[in-house]
Amino acid sequence: MDPIPVLTAGHVNWDVTLRVDRLPEPDGEASIRSQRQSGGGSAANVAAA
């Protein structure tokens, strides 16, 4: 089957998720335990689906 052209309108984001050891107090700090990056956003998700 030939590919079907797709046009989407909306946001394309680059998400960065950080896992921390605890939630910091206001103006506090927390240690980053891991980091994950992935694409997302409404337009990117619809185009991929």
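1. Long-range contacts first: counting contacts (heavy atoms within 4.5 Å) between residues at least 6 apart in sequence, 47% join residues at least 24 apart. Keep in mind that this is a predicted model, where local features need pLDDT of at least 70, side-chain atom pairs count only at pLDDT 80 or more, and totals for chains, interfaces and linings use all residues. Residues are numbered from 1 along each chain as its sequence is written, and side-chain values use heavy atoms, with hydrogens and water left out.

2. The protein has one helix and two strands, in the order β-β-α from the N terminus. Helices (H or I, at least four residues) and strands (E, at least two) are DSSP runs, numbered from the N terminus. The C-alpha trace spans about 55 × 20 × 10 Å along its principal axes.

3. On burial, 6% of the 49 residues make the cut; buried means under 20% relative accessible area, exposed over 50%, and partly exposed in between (1.4 Å probe, protein chains only).

4. Have a look at H11, in the segment before β1 (13-20). Its relative accessibility is 55%, so H11 counts as exposed. Beyond its neighbours within four places in sequence, H11 is in contact with G40, G41, S42, A43 and A44. H11 and N45 sit 34 residues apart in sequence, with 9.3 Å between their C-alpha atoms.

5. As for charge, there are 4 positive and 6 negative side chains, and the centres of the two sets lie 9 Å apart. Lys and Arg count as positive, Asp and Glu as negative; His and the chain ends are not counted. Each charge is placed at NZ of Lys, CZ of Arg, CG of Asp or CD of Glu.
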